[in-house]
Structure formats: structure tokens, C-alpha cells
Amino acid sequence: MSTMFTSQDIPHAQTPFTPDGVIITLESVFWVLNEMTNMKPGKFLLFLLCFTLISKIVICEPPHTCPSGLDGDCDSAESAEWEGEFFPEIPKIKYEGPKSKNPLAYKWYNANEEILGKKMKDWMRFSVAFWHTFRGTGGDPFGAATKMWPWEDGTNSLAMAKRRMRANFEFLEKLGVDRWCFHDRDIAPDGQTLEESNANLDEIVALAKELQGNKIRPLWGTAQLFLHPRYMHGGATSPEIGVYAYAAAQVKKAIEVTHYLGGENYVFWGGREGYQTLLNTDMERELDHMARFFEAAVAYKKKIGFTGTLLIEPKPQEPTKHQYDWDAATAANFLRKYGLIGEFKLNIECNHATLSGHSCHHELETARINGLLGNIDANTGDPQVGWDTDQFLMDVSEATLVMLSVIKNGGLAPGGFNFDAKLRRESTDVEDLFIAHIAGMDTLARGLRNAAKLIEDGSLGELVRKRYQSFDSELGAQIEAGKADFELLEKKAMEWGDPIVPSGKQELVEMIFQSAM
Ligand code: XLS
Ligand code: NI
Ligand code: NI
């Protein structure tokens, strides 16, 4: 994701609260003043009382916030309680088919329908990212928060964290999604000490475990090693040994809680594992440290019996100028160099792919052919904006390319599709959270249907097969088995003369591809 703001770092904008439908016009203010001057003292006192009461309820207090503790500042233990539903106006989202015009229904994602022998829900394994959906405020480097969800009280208290967690599970339930992803620090507030942070996390995780029931599980957990100033030079690659140790302790705890919650994977995204200038950086030493850090994570995972996959999430830059896990190929090379290739897979994020100058399809294929495709952070960027804008993927062609890779990979399990995607800053209705996820899920579901059509039709596959058919020969077999030396090849080249090179048929493949959309 991009520059991540949570309510920790961007205070909620102190805009005067005007509940929906109540507009305070200049005329109404004049009316009040006029009424007041014509009143008898008794009536005036009564009026004043009513006015204060009304303004307290209607104008000053957000109507939905802290319904069970209106008197307090909402930072009290009771504010964890939330009377009734968080999303009372949103029904359970159902599949209504492509003809439906209902924005709160699936048109393409039909969880139990089989495509290429597997249920859609098993191909997709969707997950909601807690940090965007429940901690995203709409803040950007130029502007304050724009999203004032009714359940938020503007604090980063434990009570608020619990309330938010309940909202998360109601959201998952209504969406019909069984997986969620989190960073340790976005579900529970940082404490004054590591012990206190761990205790906070334990409290929230206990609640999450209870709310998960036996259906919902984390697709993955991770540690937030980028927000706190101690991580300004990185975690595992910080030149400061105290930070290395602190990061290790944080990851140790995050793996433990992911395991406790039944998480299926654990992610490392090295947001600040990189450099701003090589002039002050010992790159070789930093990379060695990062490898030792990963080795220790592997050892600890095994020690506690966590069988989930460890995933590295490549990203070229942002927030650092250069991130060590630049792209899939760089990460694969790193894993090979340090003998970690069998212990890790990759979490490919589409917007990170485009930031590194690749397409998402390229990154997925690079991961796949190296046996490393473990998970997808489903999002997309904007061709005109150079940031990790983390938009919900809405482009059906793009989704079809993604699904072609996923099908070739035989699916993603135990990985899945995590919506590392956020609402645009200007989308501020609660229902937008649902609409965005529904559209994201539908787009990928449509991609799956299209990819299946292309595979069943077979013309694309046939075209690719034919393109290489000259290698389906005796010499081809020798070359591919590493048995054709240069002398033999020279002899053949002389015997055959100048080869006739066939057309690449690019427009034809594009035509076939588009016909499935
Ligand atoms: C940031 C990353 C981040 C990881 C989890 O750009 O996408 O959100 O997915 O730390
Ligand atoms: Ni990202
Ligand atoms: Ni991500």
C-alpha cells in the first residue's frame, strides 16, 4: 500500500459536525435570534434549555458515535461496546447474476459455482485488509482525513480497537469473505514498552479469535515495521543493533499471534528495508543482516509449529528510494543466494509490479515459473499517478491476465487474493467500503470466467505451442536436455542455411484475448 496513514498519525479533522439532512442556514440562525428577543423570561429559559439540549444531541454530537457512553470522551472501556449492527443498512451480499443492477450484489462472483473443476471461492480465497478498510482515513501527503466512519471515536484506544474489530467481522460476514489480513499495530495500539504493546495485542487477538468462530481465519498476518520512527532506517537492515533486535521481537510476536489465530501465511513487506543513498549504506552488510533475520524467522516458525507459508512482498520503492525486494526476480535471487528459496514464496502486489516498471502479469509469471507464486495483493495503480495508489482492480482485461497465471499455478492456496486496496480519498460513504470490495471481487471473478473461456477455447494455447514447435524435434530435444554443443549447432546452421522466421501473430493473439472479455 502507499503512504499509510492511520488515526495514529493524522488526527481526525476537527470539522463541525452536521448530521445528514440537517443544514444550518443563515435564516434559521436569524429566526432563533428573533424568537429570543421577543420572548418572556420564563419562556426564554425554557427555550434556552431546549436549544442546548437539541444542539447537544443534533448539532454537536455525531449521532452514531459511542451510543452506549455519550457522556464520556469515548475513550472509556464501555466504548468498546456498540449497540446493534455497524452496517444496519447493508444486507448480506448475494449473487444476483450479470443482469443485476444492484450495487450491493455480486454479478460475477458466485462462490459455489465450479469453474475448471474448482469452486470460485477456492480459486479466489478473498481476504479483506484490515489496514485499509478499518484504519484508512483518506489522508494523503497533502490533506487530512476525509473518512469519519460512524463507529470511530477519533482515538487509538484499546476500546476503540475492540470496537473496530467487531466492525471488521460484521463486514466480513456480510460480504461473505472468510479471510482477513492485518499488521500487528493496526489492530492494536502501540504501548509505551514492548511488553505493553504485546499485552495490547494479546487483548485484541483474544477478541479476534472469539469473533472468528470456526469459519473465518487470517489469510496472513504481518508486523508493521515502518510507521514508528525507530524504524526510520529499516528494521532488519537498520544500522542500529537495538532496532534489529526490536524488529525481531516484533516479528516473533506477530508470527505467534498469526499462528494462534490459525493464519495460513505470514508476510514480510520490507517498506524501509532499503536505502536513501548508497553513500551512507553498506548494502552488502544490510542484505546479509536481512538474510539472517529471515533465517531466524524460519527457525522460529518451525520451533512453534507454525506451518503457514512465509511470503516476501516485493516493492521497488516508496517509502524508501530503493527497496531491497525490488521485484520478483530480485527477491528470487536474494532467496537463492542465501539458501532460503525453499522456505519462502512471494506475495505479488499488482501496483508494486507497475511501480517497478513491470506488468502484474509479468511479476506473476516470474514468481510462478520460479515456483514462488504464493499470494496476490489484489490492487492496481493509476497510469497518471506515480504512487502506490492501491486502487481496487476494476479492469477486466487486467484481471483476466492475472487469472491466467493463477490457473496455470493451479490456484494460490494456501495463499489467496488479499484486497490491499483502499477507497479513493473522495469516497466517503460507509456503503462505498462494500461497493469497492464487491466490484473488486466481481472483476477478478469475471477475469476467472474469461480466462477459463480462453483455456477451454484453446486457440491461444495452440498458437503458443505452434510458435515453439521447431523445438519439438530431435535437435530441439537435444538443446533442451543441454546436449547440443556449439560445434553441433554450427553444423546444423550450415546445413539448414538462413532460417525462415514465422510471424509472431501479436494482433491475432490480442484479438483472441479480447474476444473473451
Ligand atoms: C505496502 C504493502 C503493505 C503490505 C503489508 O505497500 O503493500 O501493505 O502488503 O505490509
Ligand atoms: Ni502496497
Ligand atoms: Ni501489499
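Donors are the N, O and S atoms within 2.8 Å of a metal. The legends below apply this term to a predicted model.

**Figure 1. The nickel ion (ligand 3) and its protein donors in the predicted model.** The donor residues follow the sequence pattern E-x35-E-x27-D-x42-D. In this pattern each letter is a donor residue of the nickel ion (ligand 3), and each x with a number is the spacing. The pair Glu313 and Asp420 links distant parts of the chain, 107 residues apart. Glu313 is in the loop between β10 (309-312) and β11 (322-323), and Asp420 is in the loop between β14 (417-419) and α14 (430-457). The protein donors are Glu313 (OE), Glu349 (OE), Asp377 (OD) and Asp420 (OD), at 1.9 to 2.1 Å from the ion. Glu313 is buried because its relative accessibility is 2%, under the cut-off of 20%. Asp420 is buried too, with a relative accessible area of 2%.

**Figure 2. Geometry at the nickel ion (ligand 3) and its link to a second ion.** Which arrangement do the six donor atoms around the nickel ion (ligand 3) make? Their angles run from 79 to 177°, so the arrangement is octahedral. Ideal angles for six octahedral donors are 90 or 180 degrees. Glu349 bridges this ion and the nickel ion (ligand 2), and the two ions lie 3.8 Å apart.

**Figure 3. Strand β5 (residues 126-129) and its partner strands.** Side chains in a regular strand alternate between the two faces of the sheet. In β5, Phe126 and Val128 are on one side, while Ser127 and Ala129 are on the other. Both faces are covered, and these four residues are all buried. β5 pairs with β14 in the parallel sense over three bridges, and Phe126 has Phe417 of β14 as its bridge partner. β5 also pairs with strand β6 (residues 179-183), in the parallel sense and over three bridges. Here the bridge partner of Ala129 is Cys181 in β6.

**Figure 4. Helix α12 (residues 360-369) and the elements it packs against.** Cys360, Glu363, Leu364, Glu365, Thr366 and Ala367 are the buried residues of α12. An α-helix has 3.6 residues a turn, so residues three or four places apart point the same way. The buried residues of α12 pack against three helices, α10 (328-337), α11 (350-355) and α13 (396-408), and against the strands β12 (344-349) and β13 (373-377). Just after α12, Gly371 has a positive phi of about 70°.

**Figure 5. Surroundings of Tyr275 in strand β9 (residues 274-275).** Is Tyr275 buried or exposed? Tyr275 has a relative accessible area of 13%, and because buried means under 20%, Tyr275 is buried. Apart from neighbours within four places in sequence, Tyr275 is in contact with Thr281, Met283, Thr320, Lys321, His322 and Tyr324. The C-alpha atoms of Tyr275 and His233 are 7.6 Å apart, with their positions 42 residues apart along the chain.

**Figure 6. The aromatic pair of Phe87 and Phe434.** The whole structure holds 28 aromatic pairs. In this one the rings are edge-to-face, 5.1 Å centre to centre and with 80° between the planes. Phe87 lies in the loop between α2 (41-60) and β1 (94-95) and Phe434 lies in helix α14, so the pair ties together parts 347 residues apart in sequence. Phe87 is buried, at 1% relative accessibility, and Phe434 is buried, at 0%. Both belong to one aromatic cluster, whose members include Trp82, Phe86, Phe130, Trp149 and Trp180.

Methods: Residues are numbered from 1 along each chain as its sequence is written. Chains are lettered from A and ligands numbered from 1 in the order in which they are written. Side-chain values use heavy atoms; hydrogens and water are left out. Donors are N, O and S atoms within 2.8 Å of the metal (3.2 Å for Na, K and Ca); water is not among the atoms, so sites may look incomplete. Four donors count as tetrahedral if all angles lie between 85 and 135 degrees; four count as square planar and six as octahedral if opposite donors are over 155 degrees apart and all others between 65 and 115; anything else is irregular. Helices (H or I, at least four residues) and strands (E, at least two) are DSSP runs, numbered from the N terminus. Buried means under 20% relative accessible area, exposed over 50%, partly exposed in between (1.4 Å probe, protein chains only). Two strands pair if DSSP finds at least two bridges between them. Contact means heavy atoms within 4.5 Å. Rings of Phe, Tyr and Trp (its six-membered ring) pair if their centres lie within 6.5 Å; planes under 30 degrees apart count as stacked, over 60 as edge-to-face and the rest as tilted.
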